[in-house]
Amino acid sequence: MIPLKDDLPTGRVPVLTIALIAANALAFLWQLSIGLDASAFTAGAIPYEILTLQDVNQRDVVAPPLTIFTSMFMHGGFAHIGSNMLFLWIFGNNVEDALGRLRFLGFYLLAGVAAALTQTVAAAVSGDELATLVPMVGASGAIAGVLAAYIVLFPHARVLTLFVVFVFIRLQYLPAVFFIGFWFVMQVLAVVFGGSPGVAVFAHIGGFVTGFLLVRVIGRRARWRAGRVSW
């Protein structure tokens with residue numbers, strides 16, 4: 001399932017969402033200039049470094065604690081950044097509109113930090129030393145928080161979804177609660193059955209749970225009015 005758009009208009013231009021997408025794009029261009037692998041070990045979040053506050057090899061330009069933030073703007077390939085930015089654009093603009101720009105930025109970063117820390121703890125308790133040395137990159141942990149906020153703020157919204165099954169293609173509006181709920185269940189199942197190798201599913205779960213709780217604390221901005229949902 002690929003989301004294409006929702007049916008909920010925003011009240012103003014999503015400046016922060018656009019800025020975050022631009023920042024991710026610029027970071028990805030930098031990654032391409034030095035190599036995706038090299039950039040991941042330079043500015044990606046490595047659980048061992050976060051836990052020990054020591055670089056794995058030689059001293060990096062980015063100090064271990066700061067990689068929690070830099071890793072949010074990095075990606076592992078074109079498909080990775082493409083899918084993440086699509087989700088951020090579709091769901092982030094409405095959440096930004098409801099929370100307000102500054103609170104949305106704080107919300108986004110806190111969800112991303114929680115996601116990275118959740119994955120770090122999961123790697124540490126797994127007993128797999130190699131898992132603590134694998135760098136994490138991607139905005140999906142923070143975006144997972146945005147998805148959670150979306151279903152709290154807009155439970156009646158719908159998402160135009162593209163279904164591709166072999167040669168069959170279909171467009172269908174789905175309730176956002178179903179679409180996002182299905183996505184979250186797939187993350188949980190990946191943990192239970194040990195699937196999705198190379199995907200930081202614990203980060204997705206940590207970011208989602210944090211976003212679900214945090215949006216209730218932050219609340220909507222003053223003077224916000226929800227856009228009309230078409231049915």
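This is a selection-by-selection tour of a predicted model, starting at the sheet and ending in two loops.

**Stop 1: the sheet**

Select residues 2–6, 158–165 and 168–175, which are strands S1, S2 and S3. The 3 strands make an open sheet in the order S1-S2-S3, with antiparallel pairing. S1 and S3 are the edge strands; each has a single partner strand, so one side of each lacks a neighbour in the sheet. Direction ignored, neighbouring strands are turned by 25° against each other on average.

Now look at the pairing of S1 with S2, which is antiparallel and runs over 4 bridges. Show Pro 3 and Thr 161: Thr 161, in S2, stands opposite Pro 3. Then show Asp 6, whose bridge partner in S2 is Val 159.

Move to the other pair. S2 and S3 run antiparallel and are joined by 8 bridges. Leu 162 has Leu 171 in S3 as its bridge partner. Follow S2 to its end: S2 and S3 form a hairpin with 2 residues between them. Select Phe 166 in that turn and check its backbone, where phi is positive at about 55°.

**Stop 2: helices on the sheet**

Keep the sheet on display and add residues 78–99, helix H5. H5 packs on the sheet, touching S1 and S2, and its direction makes about 30° with that of S1. Add residues 176–193, helix H8. H8 lies across S1, S2 and S3 and runs at about 110° to S3.

**Stop 3: the largest nonpolar core**

Which residues touch the most other members of the largest nonpolar core? They are Phe 91 and Tyr 150, in a core of 47 residues. Helices H1, H5, H6, H7, H8 and H9 are the elements that give two or more residues to this core. H7 gives the most, with 10 residues. In soluble globular proteins, nonpolar side chains tend to be buried together.

Center the view on Phe 91. Leaving out residues up to four places away in sequence, Phe 91 touches Val 146, Leu 147, Tyr 150, Val 159, Phe 179 and Ile 180. Val 159 was met at the first stop as the partner of Asp 6.

Next select residues 140–153, helix H7. H7 has 14 residues and spans 19 Å from its first C-alpha to its last, close to the 20 Å expected at 1.5 Å a residue. Color by accessibility: 13 of the 14 residues of H7 are buried, so the helix is mostly covered.

**Stop 4: helix H1 and its two sides**

Select residues 15–34, helix H1. H1 has 20 residues and reaches 29 Å from first to last C-alpha, close to the expected 28 Å. Where do the buried residues of H1 lie? Select Leu 16, Thr 17, Leu 20, Asn 24, Ala 27, Phe 28 and Gln 31. They cover an arc of only 115° around the axis, which puts them on the same side of H1. An α-helix has 3.6 residues a turn, so residues three or four places apart point the same way.

To see what covers the buried residues of H1, display helices H2 (36–43), H5 (78–99) and H6 (101–125), which are included in the cover. Then rotate to the face turned away from the buried side, which carries the exposed residues Leu 26, Leu 29 and Ser 33. Just after H1, select Gly 35, where phi is positive at about 105°.

**Stop 5: Thr 120**

Stay with helix H6 and select Thr 120, which lies in it. Is Thr 120 buried or exposed? Its relative accessibility is 1%, so Thr 120 counts as buried, the cut-off being under 20%. Show its surroundings: apart from residues up to four places away in sequence, Thr 120 touches Pro 47, Ile 50, Leu 51 and Met 136.

**Stop 6: two loop residues**

Select Leu 53, in the loop between helix H3 (47–52) and helix H4 (67–70). Leu 53 has a positive phi of about 60° although it is not a glycine. Leu 53 counts as exposed, at 57% relative accessibility.

Finish at Gly 198, in the loop between H8 and H9. Gly 198 is exposed, with a relative accessible area of 88%. Draw a distance from its C-alpha to that of Ala 148: the two residues are 50 apart along the chain, and the C-alpha atoms are separated by 23 Å.

Key: Residues are numbered from 1 along each chain as its sequence is written. This is a predicted model: local features need pLDDT of at least 70, side-chain atom pairs count only at pLDDT 80 or more; totals for chains, interfaces and linings use all residues. Side-chain values use heavy atoms; hydrogens and water are left out. The expected span of a helix is 1.5 Å times one less than its number of residues. Buried means under 20% relative accessible area, exposed over 50%, partly exposed in between (1.4 Å probe, protein chains only). The arc is that of the directions from the helix axis to the C-beta atoms. Contact means heavy atoms within 4.5 Å. A nonpolar core is a set of buried Ala, Val, Leu, Ile, Met, Phe, Trp, Tyr and Cys residues joined through side-chain atoms within 4.5 Å. Two strands pair if DSSP finds at least two bridges between them. Axes are lines fitted to C-alpha atoms, for helices over the stretch in contact, and angles run from 0 to 180 degrees between N-to-C directions.
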